[in-house]
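Work through the exercises below with the coordinates open. Each task is followed by a stepwise solution.

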Amino acid sequence: MILIGQYDSPFVRRVAIALNLYGLAFEHRPWSVFGDADRIAPFNPLRRVPTLILEDGETLIESAAILDALDDRVGEARALIPARGPPRRRVLKICALGAGLADKAVSLVYERAVHARATPAWVERCQAQIRATLDALEAERAAGAGPWWFGADLTHADIMVACALRFLGEAHGATFDLASWPALAAHAAGCEATPVFQRHVQPFHVTP
Ligand SMILES: N[C@@H](CCC(=O)N[C@@H](CS)C(=O)NCC(=O)O)C(=O)O
């Protein structure tokens with residue numbers, strides 16, 4: 001398998017960390033969505049990452065769809081999400097909040113780096129969405145005492161939120177100080193202290 005994309009993307013990073021936890025080997029192509037767009041295009045017309053090329057040449061796009069396929073491949077016992085019912089839905093909801101927060105943080109980066117000038121109304125909207133989502137996630141994480149979000153087993157929820165928080169801190173640390181969300185800060189610190197999170201990391205930078 002070949003994973004395309006840089007680890008400063010929270011979406012690429014969540015896939016790399018999951019691949020490691022599944023014990024699946026992969027090659028990494030740290031291509032930039034801007035500088036290497038022409039290299040990405042043959043595999044993904046959207047020129048977005050993560051893009052995962054399977055052994056038979058099939059190409060998967062969208063981190064959630066990629067992870068769904070990989071969970072299916074490794075089977076229920078090794079999947080990083082419960083197979084069905086309310087436990088599965090709860091993990092998916094936290095993942096959606098984490099991914100949405102990351103989307104908004106990425107959007108703010110593009111507002112700064114790509115647009116000739118930022119649109120204040122859009123910046124304010126994104127910031128408000130991020131803040132409210134941090135509040136919601138903080139309340140959920142503070143309510144759970146386990147080492148991981150849903151108790152003893154690490155799930156995609158742990159990975160997605162931690163990757164989103166790292167990206168937020170690196171790209172917008174001056175606006176969002178995690179000290180205001182202590183349960184999330186502790187969650188991020190716990191994840192980032194593990195070898196698998198440390199293995200897949202790249203300082204954030206953007207060059208459109
Ligand atoms: N929903 C997508 C989001 C992926 C995403 O936003 N990737 C960014 C890099 S962090 C990207 O490809 N940006 C280039 C673009 O959207 O044109 C996923 O989960 O895979």
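**Exercise 1. Helix packing**

Task: Find how the axes of helix 5 and helix 7 cross, and which residues meet.

Solution.
- Step 1. The axes of helix 5 (residues 120-143) and helix 7 come within 8 Å and cross at roughly 75°. Axes are lines fitted to C-alpha atoms, for helices over the stretch in contact; angles run from 0 to 180 degrees between N-to-C directions.
- Step 2. Helix 5 is therefore roughly perpendicular to helix 7. The classes are: under 35 degrees roughly parallel, over 145 roughly antiparallel, 65 to 115 roughly perpendicular, the rest oblique.
- Step 3. From helix 5, Leu134, Leu137, Glu138, Arg141 and Ala142 meet Pro182, Ala183, Leu184 and His187 of helix 7. Contact means heavy atoms within 4.5 Å.
- Step 4. Helices (H or I, at least four residues) and strands (E, at least two) are DSSP runs, numbered from the N terminus.

Before going on, note the ground rules. This is a predicted model: local features need pLDDT of at least 70, side-chain atom pairs count only at pLDDT 80 or more, and totals for chains, interfaces and linings use all residues. Residues are numbered from 1 along each chain as its sequence is written, and side-chain values use heavy atoms, with hydrogens and water left out.

**Exercise 2. A salt-bridge network**

Task: Trace the salt bridges that Arg166 forms with Glu170 and Glu192.

Solution.
- Step 1. Apply the criterion: a side-chain nitrogen of Lys or Arg within 4 Å of a carboxyl oxygen of Asp or Glu. The structure holds eight such bridges.
- Step 2. Arg166 and Glu170 pair at 3.2 Å, N to O. They sit four residues apart in helix 6 (residues 156-172), so about one helical turn separates them.
- Step 3. Glu192 also bridges to Arg166, at 3.1 Å. Glu192 lies in helix 7 (residues 182-192) and Arg166 in helix 6, so this pair ties together parts that are 26 residues apart in sequence.
- Step 4. Check the accessibility classes: buried is under 20% relative accessible area, exposed over 50%, partly exposed in between (1.4 Å probe, protein chains only). Arg166 is partly exposed at 30%, and Glu170 is partly exposed at 35%. Glu192 is buried at 17%.
- Step 5. Assemble the network: salt bridges link Arg13, Arg166, Glu170 and Glu192.

**Exercise 3. A second pair**

Task: Give the N to O distance between Glu27 and Arg29, and the accessibility of each residue.

Solution.
- Step 1. The closest N and O atoms of this salt bridge are 2.7 Å apart.
- Step 2. Glu27 is partly exposed at 44%. Arg29 is partly exposed too, at 26%.

**Exercise 4. Backbone exceptions**

Task: Locate the cis peptide bond and describe phi at Arg47 and Glu62.

Solution.
- Step 1. Recall the background: most residues other than glycine have a negative phi, and most peptide bonds are trans.
- Step 2. Val49 and Pro50 are joined by a cis bond, with omega about 5°. Pro50 is in the loop between helix 2 and strand 3 (51-53).
- Step 3. Arg47 is found in the loop between helix 2 and strand 3. Its phi is positive, near 55°. Arg47 is partly exposed at 38%.
- Step 4. Glu62 has a positive phi of about 75°. Its loop runs between strand 4 (59-61) and helix 3 (63-74).
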